[in-house]
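Me: Please go through this model with me, giving for each label the value behind it and the rule it is set against.

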Amino acid sequence: MFKSLICMTNKKKKRLLFGSVDIGYRINHYSDFIHTEFPDELTAESFSKYQLPDTHYKTSYTYLCEIEKKSALYVYCYTTLFFLRALFRYQVFHFLSGETILPWKLRGFELACYRLLGKKIIMHFVGSDIRSETYLQEKNDHLEACLRGEYQIQSPISSSIQEKLIRQVRKHATNILVSTPDLLQIIPEATYLPVFLDFNHFIYEESEKTHVVSILHSPSAAKTKGSGHLSRIFENLKSEFGEAVTFITPVTRLNEVKSYATTRYDLLNKMSGADIVIDQLVIGWYGLKTVEALMLNCEVVCFIDDQLRNYLPENAPIIDANILNLETILKQSIRKILSGEVTDSNKQEYVKKYHNIQQYKTYLEAIWLR
């Protein structure tokens with residue numbers, strides 16, 4: 001018995017490194033979860049190549065090498081030295097967005113080194129890392145024809161560089177995760193792990209609801225959201241409902257969004273006062289913005305692809321629409337809101353059940369520790 005106690009006392013905690021591009025604000029959330037749930041078994045640190053301004057959303061990392069602010073020589077030296085240190089410091093590597101420590105040309109070599117030393121490698125794809133911009137642009141340009149079955153996209157879903165990354169990950173990774181189920185069409189053997197809302201840092205200043213129906217659409221990238229198709233619909237709605245409807249679109253032109261349209265804090269504030277939030281109309285699944293909007297009791301409109309419906313829980317409080325029927329569905333929602341028919345339903349309960357990291361504790365423990 002005493003020997004067992006001594007062994008338990010002397011058991012070293014595993015070290016896990018998160019890296020290297022934090023799309024969706026996951027790293028702080030996952031790190032805090034490890035600190036709370038596995039304090040005796042696992043230590044989490046992080047390395048990032050980018051950091052958002054505090055005004056957009058406050059994030060922090062153990063190690064930071066902002067590659068767009070440093071010279072190529074500095075980045076090469078820093079990442080090389082950090083990689084050599086990481087080889088012997090960490091037992092588990094959880095990489096996000098297809099990015100590792102070294103530059104992409106050395107990614108295969110880097111992953112092979114981890115595998116050779118018996119490290120656990122988790123690659124967590126989020127979308128743009130394995131879904132090509134050319135494919136999305138072509139789908140966006142021919143969106144109505146694609147929905148009618150009148151157009152077949154010619155561009156491959158993944159670019160040649162992305163396909164090379166996928167081959168390397170398949171060869172070396174212990175686990176492959178994807179954030180949206182459409183990515184399983186690219187990597188069928190991956191595990192779909194939904195986006196999680198960080199309830200502890202869900203910070204916003206509640207905006208007062210008005211008698212006007214407020215519709216919000218704030219795209220991070222026009223070609224993934226179908227934003228360019230909305231202007232005509234908004235004009236038609238304004239013609240029918242007049243001053244009873246207002247549109248919140250924090251961009252100048254909906255078809256030319258190239259970066260975040262507003263800060264995350266400002267967006268949450270705006271969403272808290274919105275009645276309807278339009279997420280994406282191209283990819284066929286929903287992301288963090290839908291989850292946040294549901295938590296704020298907004299009516300959420302999003303395109304769910306027929307091939308992905310099996311992944312959608314029966315009680316999902318999401319209004320499924322595509323660009324062909326969006327105007328009709330928005331009119332129905334506006335009339336319900338104006339007549340007072342809309343209720344809070346199960347929006348927040350849905351988020352707490354399906355987008356709460358606590359619900360996936362057993363799975364995460366298995367891939368990180370077992």
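**Labels and their cut-offs**

Me: Why is arginine 107 called buried?

Reply: Arginine 107 has a relative accessible area of 6%, and buried means under 20%, with exposed meaning over 50% and partly exposed lying in between (1.4 Å probe, protein chains only), so the label follows. The model is a predicted one, in which local features need pLDDT of at least 70 and side-chain atom pairs count only at pLDDT 80 or more, while totals for chains, interfaces and linings use all residues. Residues are numbered from 1 along each chain as its sequence is written, and side-chain values use heavy atoms, with hydrogens and water left out.

Me: What makes glutamate 99 and arginine 107 a salt bridge?

Reply: A salt bridge is a side-chain nitrogen of Lys or Arg within 4 Å of a carboxyl oxygen of Asp or Glu, and in this pair the N to O distance is 3.1 Å, so the rule is met. Glutamate 99, at a relative accessible area of 23%, is partly exposed. By this rule the count comes to 21 salt bridges.

Me: How do you know that glutamate 144 and arginine 232 tie together separate parts of the chain?

Reply: The closest N and O atoms of glutamate 144 and arginine 232 are 3.9 Å apart, which makes them a salt bridge. Glutamate 144 lies in helix α6 and arginine 232 in helix α9 (residues 230–241), so the bridge joins parts that are 88 residues apart in sequence; helices here are DSSP runs (H or I, at least four residues), numbered from the N terminus. Both ends are partly exposed, glutamate 144 at 27% and arginine 232 at 43%.

Me: What are the distance and the burial of the pair glutamate 292 and arginine 264?

Reply: Their closest N and O atoms are 2.4 Å apart, in a salt bridge. The pair links distant parts of the chain, with glutamate 292 in helix α11 (residues 288–295) and arginine 264 in helix α10 (residues 264–272), 28 residues apart. Glutamate 292 has a relative accessible area of 4% and arginine 264 one of 8%, so each is buried.

Me: Why does cysteine 65 form no disulfide?

Reply: A disulfide is a pair of cysteine sulfur atoms within 2.5 Å, whereas the closest cysteine sulfur to that of cysteine 65, in cysteine 77, is 10 Å away and therefore too far for a bond. Cysteine 298 is likewise in no disulfide, with the nearest cysteine sulfur, that of cysteine 302, 14 Å away. The structure holds 0 disulfides. Cysteine 65 counts as buried at 1% relative accessibility, and cysteine 298 is buried at 0%.

Me: What makes one space a cavity and another a pocket?

Reply: On a 1 Å grid over the protein atoms alone, a cavity is a set of points where a 1.4 Å probe fits but cannot get out, whereas a pocket is an open set with protein on both sides within 12 Å along at least five of seven lines; lining residues have an atom within 4 Å of a point. The structure holds 1 cavity of 30 Å³ or more, and the largest cavity has about 70 Å³ of space. Among the residues that line it are Tyr57, His201 and Arg264. The second largest pocket holds about 580 Å³, and of its 26 lining residues the closest to its centre are Tyr135, Lys139, Phe303, Asp305 and Gln307. Volumes are the space filled by probe spheres set on grid points, which are joined across faces, edges and corners.

Terms used:
Helix = DSSP H or I, 4+ residues; strand = E, 2+ residues; numbered from the N terminus.
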